Each structure stands twice: as structure tokens, then as C-alpha cells.
Amino acid sequence: MQRVLVVPCGVTLLVLLVLGVAGPTSAQSPAVGGWATYEWRSAAKVDVPVLVQQPGTAGTATWSLDREASAPRPIFVTYSVVRGDAKSYVLQIVTRPTADGTPLSVTQVTVDRASGKAIKSVIRDKKGLSPTPESGLRPLRRAGVTGTSEDVTVPAGRFTAVKAPHRNGTVWVSDQVPVLGIVKGAFADGQLELVKSAATGAQDLLRS
């Protein structure tokens with residue numbers, strides 16, 4: 001028996017990863033220009049059609065349509081700081097089907113540096129630019145988490161990070177990683193791994 005996965009055309013799975021954390025101290029406020037791209041693999045299963053081949057007599061075969069649960073394709077999310085001054089910074093969150101693919105959505109959250117609270121949050125998708133609920137996401141730094149030092153390997157390379165509990169999962173935090181400071185995250189709803197990052201070069205996609 002042979003099973004062939006059939007992926008429906010024109011269906012895009014869009015996941016905007018949100019990590020709610022406490023507001024940062026001034027030491028945790030990220031510098032403008034930094035960016036980090038992650039691969040997000042959801043733990044959720046999606047129901048997809050599958051063609052099933054059943055061998056028959058005299059070399060013939062019959063096909064039937066079945067359904068099975070399958071893991072969705074990974075989504076790539078880039079976090080960057082595209083603007084900022086002494087009082088606030090703009091955290092940009094871009095989702096893509098591949099690490100360097102065409103953006104599926106662009107979200108920008110203006111964050112007050114002192115309190116860590118959102119001043120404004122907007123999203124650009126296929127419908128245009130519109131207000132959106134604030135993401136709650138904030139940077140993490142080694143000094144702000146409690147855990148054990150551990151070497152961790154991700155697509156971006158090998159890092160020495162602090163492994164610490166974080167809400168419904170675990171994060172590996174390193175000050176070598178711009179913006180979020182996260183090397184890897186393992187959560188009940190999926191896994192996040194750093195693909196690439198840089199301290200400069202972030203592009204403001206809502207102004208370009």
C-alpha cells in the first residue's frame with residue numbers, strides 16, 4: 001500500500017509567534033539595527049488529504065482518498081529593531097515561508113524603553129496596514145533569567161546559553177543574539193530555533 005501526501009494549493013499557514021515576557025529593564029533595551037531570524041515548527045497537526053494506492057490483481061491497483069494528520073510546514077520569523085530613540089524603540093516582526101522569502105506579514109510594535117509597554121502596534125498584510133493587538137514580546141538577556149549554562153546547537157551555529165524555564169516551556173538565552181537574545185525555545189505549541197542574525201542591517205519594511 002502506498003500513501004501519497006496531497007498538499008492543497010493556495011493554502012498558506014501563517015503563524016505569528018508571540019512570546020509574552022515581562023517588560024525589560026533599560027539594560028535589556030535592544031539597539032537599533034539588530035535582527036534575528038528563527039525557524040518556528042508548530043507542534044499542532046493539520047488534516048490533509050492523502051491518496052492511498054491499494055495493490056490489485058494482475059498488476060492493477062486502485063486509489064482512494066484518505067486523510068491524515070500532518071505537521072504544518074515551518075514558518076520563518078525575523079525580529080528586528082528598526083527605529084528608536086532614548087524613550088522608545090520599534091520592534092518589527094516579519095513572517096516568511098522561507099528564511100529569505102517574500103514577507104507574509106509585517107508587524108511593528110513601538111515599545112516604551114522604561115516600562116516595556118507597547119505604545120502602538122500595527123500590522124501590514126494582504127489587506128494593508130491596520131492596528132493590531134500588542135504582541136507582548138520583549139527581549140531577554142542572561143542577567144534577566146535564572147538557569148544553567150549549556151551548549152546548544154541550532155542552524156545558526158553553536159552557542160553557550162543559559163537554559164531557563166519560560167512560561168509554558170524552556171528558552172536558551174545568550175547575549176550574543178541580537179534583539180530577543182533567544183537561541184532556542186521549546187514550548188508546548190512548538191519549537192523556535194535561531195537560523196541567522198546580525199547586529200546591524202535591519203530594514204524598516206513599513207517605510208521602505
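Q: What is the mean pLDDT of the protein chain in this predicted model?
A: Let's start with how far the predictor trusts its own work. Of the residues in this predicted chain, 74% reach a pLDDT of 70 or more. Taken over the protein chain, the mean pLDDT is 81.

Q: Which strand has the lowest confidence in the protein chain?
A: At the top of the scale here is strand 10 (residues 148–154), with a mean of 97. The other extreme has a mean of 44 and covers residues 2–5, which is strand 1.

Q: Over which residues does pLDDT stay under 50?
A: The model does place contacts in this stretch: 69 of them beyond four places in sequence. Still, where pLDDT is low, the predicted coordinates should not be read in detail. The stretch to treat this way, with pLDDT under 50, is residues 2–27.

Q: How many strands are there in the protein chain?
A: Reading from the N terminus, the elements run β-β-β-β-β-β-β-β-β-β-β-β-β-β. Helices number zero, and the strands number 14.

Q: What percentage of the contacts with a separation of 6 or more comes from residues 24 or more positions apart?
A: The chain has 208 residues, and 44% of them count as buried. Among the contacts with a separation of 6 or more, the share from residues 24 or more positions apart is 56%.

Q: How much area does the protein chain expose?
A: Carbon and sulfur atoms supply 54% of the exposed area. The whole of that area comes to about 11,100 Å².

Q: Which strand gives the most to the lining of the second largest pocket?
A: This pocket holds about 220 Å³ of space. Strand 2 (35–42), strand 5 (75–84) and strand 6 (88–96) each supply at least two of its lining residues. With three residues, the one that gives the most is strand 6.

Q: How many residues of the lining of the second largest pocket are polar?
A: The lining has 15 residues, and those nearest the pocket centre are Trp35, Thr37, Thr78, Arg96 and Gln203. By type, the lining divides into five nonpolar residues and three charged ones, while the polar residues number seven.

Q: Is Gly201 buried or exposed?
A: Gly201 sits in the segment after strand 14 (190–198). Leaving out residues up to four places away in sequence, Gly201 touches Gly33 and Trp35. The C-alpha atoms of Gly201 and Gly33 are 5.5 Å apart, although 168 residues separate them along the chain. Because its relative accessibility is 54%, and the cut-off is over 50%, Gly201 counts as exposed.

Q: Which residues does Pro97 touch, not counting those up to four places away in sequence?
A: Pro97 belongs to the loop between strand 6 and strand 7 (105–112), and with a relative accessible area of 43% it is partly exposed. Its C-alpha atom is 8.4 Å from that of Arg73, 24 residues away along the chain. The residues Pro97 touches are Pro74, Phe76, Thr102 and Leu104.

Q: What is the phi of Val179 near?
A: Val179 is found in the loop between strand 12 (169–173) and strand 13 (182–187). Most residues other than glycine have a negative phi. Val179, a residue other than glycine, has a positive value, near 65 degrees.

Q: Why does Val179 count as buried?
A: The cut-off for buried is under 20% relative accessible area. Val179 falls under it and so is buried, because its relative accessible area is 3%.

Notes. Residues numbered from 1 in each chain as written. Predicted model: local features only at pLDDT ≥ 70, side-chain atom pairs only at ≥ 80, totals over all residues. Heavy atoms only, no water. 1 Å grid on protein atoms, 1.4 Å probe; cavity = no way out; pocket = protein on both sides within 12 Å on 5 of 7 lines; lining within 4 Å. Points joined across faces, edges and corners; volume = space filled by probe spheres on them. Helix = DSSP H or I, 4+ residues; strand = E, 2+ residues; numbered from the N terminus. Nonpolar A, V, L, I, M, F, W, Y, C, P; charged D, E, K, R; others polar. Buried < 20%, exposed > 50% of the residue type's maximum accessible area, 1.4 Å probe, protein only. Contact = heavy atoms within 4.5 Å. Areas by Shrake-Rupley, 256 points an atom, 1.4 Å probe, with all protein chains shown as cover. pLDDT = per-residue confidence, 0-100.
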